[in-house]
Amino acid sequence: MTVHRKTKTIAIASAIVLLGALIASALTLAGGRSGSGMSRDDQADGQRPRPSATPSPSGPPRGALERRIAEFAAPFHAGSGYREPSPTDRRAMAESVGLVLDGKREEAGQRLSGVGYQLRTVVDTETGRTYAELSDRSESVPAPRGWGRVYIDLSSPVRWSVQAPHPVADARTERLGARVLLGSPGGVLVIAGAHRDAGRGNSADVAHRRDTVFAAVCDELAERGLPGIQVHGFADDSDPDHDVIASTGTGTAGRAGGKVLANALRGQGFQVCQAWARSCRLEGTENVEGRKAAAENVPFLHVEFSNTVRTDDARTRRAVTAVDTLTARWAAGQETAGRD
């Protein structure tokens with residue numbers, strides 16, 4: 001009887017230990033799966049996002065154009081496919097954008113067709129504005145080329161651009177870019193067509209490669225003197241003291257506009273690190289579009305938004321309202337090349 005009881009006690013103790021191990025394992029797995037959806041940019045400098053209260057999710061797209069852009073970017077992931085464009089492809093895309101800007105849409109359509117692109121018009125239900133859309137005809141196939149899209153306001157003189165080089169990889173920057181485009185007339189949106197890790201090596205990382213359609217189009221805009229803002233994202237823990245990091249990259253032409261933007265962001269309650277005034281993380285000095293703008297003496301802003309700003313719809317709206325303060329000045333023809 002004593003041996004039986006001792007055996008029974010050992011069995012119960014073993015079961016308790018096993019149950020505890022199973023519970024601990026389950027908790028570990030749950031913690032590992034509860035990631036905040038941070039991108040590679042968000043995880044910059046080896047930082048892990050800190051646990052925080054879950055913000056209210058980004059609301060639904062506010063109009064036809066934002067919805068279209070969100071649907072375009074939704075399938076992007078690190079293995080979604082990217083084909084490196086040839087110099088001919090890049091030149092054709094840049095020249096087509098120039099033709100649209102010059103009012104030669106028929107010629108632009110013909111030029112685009114030669115590289116498998118198409119030119120369509122989209123009317124946004126939120127603003128009532130009409131936009132030209134330059135898009136890949138092959139985007140519905142399993143392995144698209146991933147060269148991106150361009151949206152050009154046809155309702156007003158074009159005077160500025162917003163650029164989204166890391167859609168999905170920098171969570172929700174594609175929607176942030178769409179909202180910035182819609183915030184003021186006369187804008188161009190250049191959006192990458194693949195996750196930044198989709199290609200071989202860093203071939204799809206359009207903010208750091210010169211041999212992309214994205215860079216070629218942004219070069220065309222810079223050469224025409226159009227100021228631009230490029231939107232990125234960072235993890236809250238990468239810089240817990242700031243909501244936004246604003247930089248002019250290697251150039252100085254964007255400083256006056258950067259100060260306008262920083263003041264507007266602070267007016268919306270955000271903490272802003274101004275790279276032209278102090279040392280900040282993620283200053284974008286290696287950004288190839290920023291370097292081209294600097295060479296052309298064109299205002300350029302590399303702006304990083306925290307995860308909380310990008311994933312909370314109320315905060316996103318406030319951030320876009322602040323950016324609108326700057327793009328409205330650009331739309332009015334202020335702070336153009338060499339005058340910022």
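**Close-up views of a predicted model**

**Figure 1. Confidence along the chain.** The protein chain of this predicted model has a mean pLDDT of 85, and 80% of its residues reach 70 or more. Over residues 1-14 the pLDDT is below 50, and this stretch has 0 contacts beyond near neighbours in sequence. Residues 16-56 also stay under 50 in pLDDT. For residues 16-56, however, the model has 48 contacts beyond four places in sequence.

**Figure 2. Ser80 in the loop between H2 and H3.** Helix H2 covers residues 64-73 and helix H3 covers 87-101; Ser80 is found in the loop between them. Its relative accessible area is 14%, so Ser80 counts as buried. The side chain of Ser80 reaches the backbone oxygen of His77. The distance is 2.8 Å.

**Figure 3. Thr212, ahead of helix H6.** Thr212 is found in the loop between strand E5 (187-191) and H6. With a relative accessible area of 1%, Thr212 is buried. Leaving aside residues up to four places away in sequence, Thr212 touches Tyr82, Pro85, Arg90, Ser203 and Val206. Arg83 lies 129 residues from Thr212 along the chain, yet their C-alpha atoms are separated by 9.9 Å. The side chain of Thr212 also reaches the backbone nitrogen of Ala215, at 3.0 Å.

**Figure 4. Glu223 and its partners.** Glu223 is found in helix H6, residues 213-223. Glu223 is partly exposed, because its relative accessible area of 49% falls under the 50% cut-off for exposed. Beyond residues up to four places away in sequence, Glu223 touches Lys292 and Glu296. Its side chain makes a polar contact with the side chain of Lys292, at 3.0 Å. Lys292 in turn forms a salt bridge with Glu296, the closest N and O atoms being 3.1 Å apart. Lys292 is buried at 17% relative accessible area, while Glu296 is partly exposed at 31%. Asn297 is 74 residues from Glu223 in sequence. In space the two are 9.4 Å apart, C-alpha to C-alpha.

**Figure 5. The Glu220–Arg224 salt bridge.** Glu220 pairs with Arg224 in a salt bridge. The closest N and O atoms are 2.8 Å apart. Glu220 counts as buried at 16% relative accessibility. Arg224 is partly exposed, with a relative accessible area of 35%.

**Figure 6. Helix H7 and its packing.** H7 spans residues 255-267, 13 residues in total. From first C-alpha to last, H7 reaches 18 Å, close to the 18 Å expected at 1.5 Å a residue. Its buried residues are Gly257, Gly258, Val260, Leu261, Ala262, Ala264 and Leu265. In an α-helix with 3.6 residues a turn, residues three or four places apart point the same way. The buried residues of H7 pack against four strands and a helix: E6 (228-234), E7 (244-247), E8 (272-274), E9 (300-306) and helix H10 (313-331). Just after H7, Gly269 takes a positive phi of about 90°.

**Figure 7. Asp312, Arg315 and a salt-bridge network.** Asp312 forms a salt bridge with Arg315, with the closest N and O atoms 3.0 Å apart. Asp312 is buried, with a relative accessible area of 8%. Arg315 is partly exposed, at 31%. Salt bridges that share partners join Glu66, Arg175, Arg179, Asp313 and Arg317 into one network. For the model, the count comes to 19 salt bridges.

Technical notes
Residues are numbered from 1 along each chain as its sequence is written. Side-chain values use heavy atoms; hydrogens and water are left out. Helices (H or I, at least four residues) and strands (E, at least two) are DSSP runs, numbered from the N terminus. Buried means under 20% relative accessible area, exposed over 50%, partly exposed in between (1.4 Å probe, protein chains only). A polar contact is a pair of N or O atoms within 3.5 Å; within protein, one must be able to donate a hydrogen and the other to accept it, and residues adjacent in sequence count only if both atoms are side-chain atoms. The expected span of a helix is 1.5 Å times one less than its number of residues. Contact means heavy atoms within 4.5 Å. pLDDT is the predictor's confidence in each residue, from 0 to 100. A salt bridge is a side-chain nitrogen of Lys or Arg within 4 Å of a carboxyl oxygen of Asp or Glu.
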